[in-house]
Amino acid sequence: MNTLTTLKTTIALLLFQQTAFAQETKKEVTSPQYTIENCVNHFEIDKATKTKVGYQYWFADKNFTQENTLKMSIVEPGKSTHAPHHHPEEEFFYILEGSASFFLDGKTVVVGPNTSLYCPPNAEHEISNAGNTDLKYLVIKKDLR
């Protein structure tokens, strides 16, 4: 066999192996069976996770859908879930109750209920409770981890 034929054969075998491995990997990932019972999620406080500043409740985590998440956060007055940070995923926040201070790339606004906030990928951001009652908001994000 000449060098060119050997090279072509090697490349063809590598491509075949990659394709076979990719198909094997895809088979291992199983999606949940979606039924009316697991597609309807009512908030239940006893299933919420306590945090340092309140609690959070996952309506859908990355294991339920294909990386999309929906979480409700409740933050006590004067507190924040975390310091300003950034990550590659974009996020939407939707304020349900209370007053939120939203920091985005050096600027801050205070907003109330029925307001959505968008955070682009890699933008420095923070959301905190700017009022004297609990802040309740939804976080919608594609979790790329």
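This report describes the overall make-up of a predicted model and three of its residues.

**Overall architecture**

The secondary structure of the chain consists of two helices and nine strands. Read from the N terminus, the order of elements is α-α-β-β-β-β-β-β-β-β-β. Of the 145 residues in the chain, 24% are buried. Among contacts in the chain with a separation of 6 or more, 61% involve residues 24 or more positions apart. The chain exposes about 10,000 Å², and 58% of this area is supplied by carbon and sulfur atoms.

**Serine 101 in strand S5**

Strand S5 spans residues 100–104 and contains serine 101. The relative accessible area of serine 101 is 17%, so this residue counts as buried, the cut-off being under 20%. Leaving aside residues up to four places away in sequence, serine 101 touches Thr108, Val109, Val110, Glu126, Ile127, Ser128 and Ala130. Of these, Thr108, Val109 and Val110 carry numbers that fall within strand S6 (107–111).

**Two loop residues with positive phi**

Most residues other than glycine have a negative phi. Aspartate 105, in the loop between S5 and strand S6, departs from that sign, and asparagine 114, in the loop between S6 and strand S7 (115–119), also has a positive phi. The values for both residues are set out below.

| Residue | Phi | Relative accessibility |
|---|---|---|
| Aspartate 105 | near 45° | 52% |
| Asparagine 114 | near 60° | 61% |

Aspartate 105 counts as exposed because its relative accessibility is 52%, the cut-off being over 50%. Asparagine 114, at 61%, is likewise exposed.

How values were computed
Residues numbered from 1 in each chain as written. Predicted model: local features only at pLDDT ≥ 70, side-chain atom pairs only at ≥ 80, totals over all residues. Heavy atoms only, no water. Helix = DSSP H or I, 4+ residues; strand = E, 2+ residues; numbered from the N terminus. Buried < 20%, exposed > 50% of the residue type's maximum accessible area, 1.4 Å probe, protein only. Contact = heavy atoms within 4.5 Å. Areas by Shrake-Rupley, 256 points an atom, 1.4 Å probe, with all protein chains shown as cover.
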